Amino acid sequence: MGKIQEREGWKFSHNQAKDAEWTPGLREIFEYRDLGFKDSTNGDYVAHIVKANGKEQKDKVQQWHIHECDFQFVYVLNGWAEFEYAGQGIRRIEKGDCINQRPMIPHREIACSKDFEVLEIVSPADFKTKIVEPPEDRVQAAE
């Protein structure tokens with residue numbers, strides 16, 4: 001068994017569904033519910049529920065992009081989405097599916113259902129998203 005690291009300053013948190021607040025976030029077509037990890041882990045992690053809000057406009061994250069992070073976990077709670085990942089091709093994720101999205105992998109969203117909803121956990125909490133050039137074998141942004 002590996003060494004367990006004590007996290008100095010981390011706090012216990014309990015985020016209750018009855019008190020959920022949905023706010024705008026990275027993408028205009030989604031709403032975000034912060035689950036309190038950012039504060040309780042001193043910014044080491046962020047955990048949020050992301051759900052489609054009915055808007056259908058295109059946005060910059062449908063272009064090829066990366067997330068500057070060390071860890072990104074995605075679990076589909078409802079609906080489906082299709083993403084294209086550099087070196088992995090097009091992947092459809094559906095309710096119950098899980099992705100460990102490796103750090104800095106170029107990817108793009110192709111489409112998602114109107115009821116798409118995921119749990120996402122990312123480290124660090126204040127990760128950046130950057131638009132990148134498509135991989136050589138893929139040159140078009142999502143339609």
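In this predicted model, Phe 71 comes out as partly exposed, because its relative accessibility is 31% and so sits between the 20% and 50% cut-offs. Tyr 45 lands in that class too, since its relative accessibility is 24%. The rings of these two residues pair up: their centres are 6.3 Å apart and their planes stand at 75°, so the arrangement is edge-to-face. The pairing ties together distant parts of the chain, with Tyr 45 in the loop between α1 (37-40) and β2, Phe 71 in strand β4, and 26 residues separating them. Trp 10 joins in as well, and together with Tyr 45 and Phe 71 makes up one aromatic cluster.

Across the whole structure, the search turns up 4 aromatic pairs. One of them brings Phe 30 and Phe 116 together in a tilted arrangement, 6.0 Å from centre to centre and with 50° between the planes. Here again distant parts of the chain are linked, as Phe 30 belongs to strand β1 and Phe 116 to the loop between β8 and β9, 86 residues apart. Both Phe 30 and Phe 116 are buried.

Those two phenylalanines turn up again in the largest nonpolar core. It has 15 residues, and the ones touching the most other members are Phe 30, Ile 93, Phe 116 and Val 118. Elements that supply two or more residues to this core are β1, β2, β4 and β5, and the largest share, 3 residues, is down to β5. In soluble globular proteins, nonpolar side chains tend to be buried together. As for Ile 93, its contacts beyond four places in sequence are Val 76, Gly 79, Trp 80, Ala 81, Phe 83, Ile 99 and Phe 116.

There is also a second, separate core, made of 5 residues, and among them are Cys 69, Val 122, Ala 125 and Phe 127. Cys 69 sits in the loop between β3 and β4 and counts as buried because its relative accessibility is 6%, below the 20% cut-off. Setting aside residues up to four places away in sequence, Cys 69 touches Pro 103, Met 104, Val 122, Ser 123, Pro 124 and Phe 127. Its C-alpha atom is 8.6 Å from that of Asp 126, although the two positions lie 57 residues apart along the chain.

Two of the residues touched by Cys 69, Ser 123 and Pro 124, are joined by a cis peptide bond with omega at about -5°. Pro 124 belongs to the loop between β9 and β10 (128-131). Met 104, also touched by Cys 69, has a backbone quirk of its own: phi is near 70°, a positive value in a residue other than glycine. Met 104 lies in the loop between β7 (98-100) and β8 and is partly exposed, with a relative accessible area of 39%. A positive phi, near 55°, likewise shows up at Asn 42, again a residue other than glycine. Asn 42 is in the loop between α1 and β2, and its relative accessible area of 44% makes it partly exposed.

Turning to open space, the largest pocket holds about 520 Å³. Its lining takes in 30 residues, of which Leu 26, Tyr 32, His 48, Val 50 and Glu 120 come closest to the centre. Plenty of strands have a hand in it: two or more lining residues come from each of β1 (30-34), β2 (46-52), β3 (65-68), β4 (71-78), β5 (80-85), β8 (107-112) and β9 (117-123). Sorted by class, the lining is made up of 16 nonpolar, 8 polar and 6 charged residues.

Tyr 32, one of the residues closest to the pocket centre, also makes contact with Glu 21. Once neighbours within four places in sequence are left out, the contacts of Glu 21 are Tyr 32, Arg 33 and Asp 34. Glu 21 is in the segment before β1 and counts as exposed, because its relative accessibility reaches 61%, over the 50% cut-off. Between the C-alpha atoms of Glu 21 and Lys 55 there is a separation of 19 Å, for residues 34 apart along the chain.

Conventions. Residues are numbered from 1 along each chain as its sequence is written. This is a predicted model: local features need pLDDT of at least 70, side-chain atom pairs count only at pLDDT 80 or more; totals for chains, interfaces and linings use all residues. Side-chain values use heavy atoms; hydrogens and water are left out. On a 1 Å grid over the protein atoms alone, a cavity is a set of points where a 1.4 Å probe fits but cannot get out, and a pocket is an open set with protein on both sides within 12 Å along at least five of seven lines; lining residues have an atom within 4 Å of a point. Grid points are joined across faces, edges and corners, and a volume is the space filled by probe spheres set on the points. Helices (H or I, at least four residues) and strands (E, at least two) are DSSP runs, numbered from the N terminus. Ala, Val, Leu, Ile, Met, Phe, Trp, Tyr, Cys and Pro count as nonpolar, Asp, Glu, Lys and Arg as charged, and the others, Gly among them, as polar. A nonpolar core is a set of buried Ala, Val, Leu, Ile, Met, Phe, Trp, Tyr and Cys residues joined through side-chain atoms within 4.5 Å. Buried means under 20% relative accessible area, exposed over 50%, partly exposed in between (1.4 Å probe, protein chains only). Contact means heavy atoms within 4.5 Å. Rings of Phe, Tyr and Trp (its six-membered ring) pair if their centres lie within 6.5 Å; planes under 30 degrees apart count as stacked, over 60 as edge-to-face and the rest as tilted.
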